[in-house]
Amino acid sequence: MEKTQNPMGVKPVLPLLLNMAFPPMLSMLIQSLYNIVDSMFVARLSGEALTAVSLAFPLQNAVLAVAVGTGVGVNACVSKYLGAGDRESANRSACHGLLFTALHSVLFILVGLFLSGPFLSLYTQDPVVYEMGLSYSRIVITLSFGSLFHILIEKILQATGNMVVPMIMQGVGALTNIILDPVMIFGWGPIPAMGVSGAAIATIIGQFLACALSFWFFWRVKDGVRFDFSGFALSRAHAAGIYGVALPSTAMNLMPSVLVSILNAILAPISQAAVAVLGLYFKTQTFVNMPTNGMIQAMRPIIGYNYGARLNGRLHQAIRCGLGVAALMLGLGSLLFMALPGWLLSLFDAQGEILSLGVSAFRLIGLSFILSTLGIVFSGAFEALGQGARSLAISLLRQLLIIPALSLLLIPFMGLNGMWITFPIAEALSSLAALLIWKQSQRKLGIAA
């Protein structure tokens, strides 16, 4: 009965995808505001403050990567079990996800306390930038458990088809951050000006509030997936199911952090302004990639449910619809970055060398959005099918194998433009590879059209 009554198994796919996609798209756009708003206000302090927050981005993204990776692993298991009508196993997967998230929280407390300083010292010798970056990083990393638990609840709810509540919770957290940022950074009334530390505190307060509201709603839902620890025991099968998707997904989401760290090491001896430009790009690109990832979040449970229910026709239709919607959004993103780079940079009060370098960089990198369509959608499809390794292979090609290697080859001949042009080249090659991997994998997965 559950298979026929669940809209993911019966509703027309395109309207279903669009209906499910809008809330997470908006939610992910709101998520992108956390880093962007921090940088917009911090930029008004000084160039050193903006550089400090940019250098902290890889650590922040590492937290998000682990949170989303674990959530995607739990999401894939829960949606598959629901599609097969096995609610008890879905509940067990949720319990394992909660336990693993608690362990990850402890890990990031240790990272924030003991590794933030050594990490930042790799990329700057400026004592002002270092101290600002250290203050910001220790707060947002050590206290990141609010974000880790919030994202887990978000992914579990999305696995059941509930996309609206996660959007609301994300919105509350981001709005809190936006309101508190200028108060904490510049001071207001009895609240002293705290600079970059204030930006970090505002972010953490927003994350904690979103987390608390998410748990409150989750416990009130009576007919959804539950955290039922009665008779609970660690299961190798559930752990393997979750981490089989979570580890590759986490690695995939970590790649921007690794990539930024590598490129910062290449750029730092050449130009500190270029380091700032790269940081601004990775923040502003979330305006495009975060909503696209929101659509992928809606596509995953549809694919996972229909895979579990053996409805291959609907599975393929979901992927085709996902490709069309992603191409539209990413195409608009390319147009935005190529036509209005100066406006995007003005959001951060970019001036002088940062502005001139940024305009050229944004125009060249902007083409990469539309070229990434196949790579992004097929990566999401493989995650939904529990094939995290294939998704990881596509992302490795996109972000770690081509861009750094080509940058080292082209910069001596083309200057900084030699780095920026590698982004669209990498996306074009990886999209072609993603298509070939997908075609070769369908029969092995039992989903041949």
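This is a short dialogue on reading helix packing and salt bridges in a predicted model.

Me: Let's start with two helices. At what angle do H9 and H10 pack?

Reply: Happy to help! Helix H9 covers residues 164–186 and helix H10 covers residues 195–220. They pack at an angle of about 155°, and their axes are 8 Å apart.

Me: How do I turn that angle into a direction, parallel or antiparallel?

Reply: Angles over 145 degrees count as roughly antiparallel. H9 and H10 are therefore roughly antiparallel to each other. As for handedness, the crossing of H9 past H10 is right-handed.

Me: Which kinds of residues make up the contact of H9 with H10?

Reply: The contact divides into 14 nonpolar residues, eight polar ones and one charged.

Me: Now to charges. What can side chains of opposite charge do?

Reply: They can pair when their charged atoms come close. In this model the count comes to two salt bridges.

Me: Which residue pairs with arginine 300?

Reply: Its partner is glutamate 383, with the closest N and O atoms 2.9 Å apart. Arginine 300 sits in helix H13 (residues 286–308) and glutamate 383 in helix H18 (residues 373–384), so this pair ties together parts 83 residues apart in sequence.

Me: Are arginine 300 and glutamate 383 buried or exposed?

Reply: Both arginine 300 and glutamate 383 are buried.

Me: And which residue forms a salt bridge with lysine 155?

Reply: That is glutamate 154, where the closest N and O atoms are 3.5 Å apart. Buried means under 20% relative accessible area. Lysine 155 counts as buried because its relative accessibility is 2%, and glutamate 154 counts as buried at 3%.

Conventions:
Residues are numbered from 1 along each chain as its sequence is written. This is a predicted model: local features need pLDDT of at least 70, side-chain atom pairs count only at pLDDT 80 or more; totals for chains, interfaces and linings use all residues. Side-chain values use heavy atoms; hydrogens and water are left out. Axes are lines fitted to C-alpha atoms, for helices over the stretch in contact, and angles run from 0 to 180 degrees between N-to-C directions. Helices (H or I, at least four residues) and strands (E, at least two) are DSSP runs, numbered from the N terminus. Angles under 35 degrees count as roughly parallel, over 145 as roughly antiparallel, 65 to 115 as roughly perpendicular and the rest as oblique. A crossing is left-handed if the near helix is turned anticlockwise from the far one by less than a right angle, and right-handed if clockwise. Ala, Val, Leu, Ile, Met, Phe, Trp, Tyr, Cys and Pro count as nonpolar, Asp, Glu, Lys and Arg as charged, and the others, Gly among them, as polar. A salt bridge is a side-chain nitrogen of Lys or Arg within 4 Å of a carboxyl oxygen of Asp or Glu. Buried means under 20% relative accessible area, exposed over 50%, partly exposed in between (1.4 Å probe, protein chains only).
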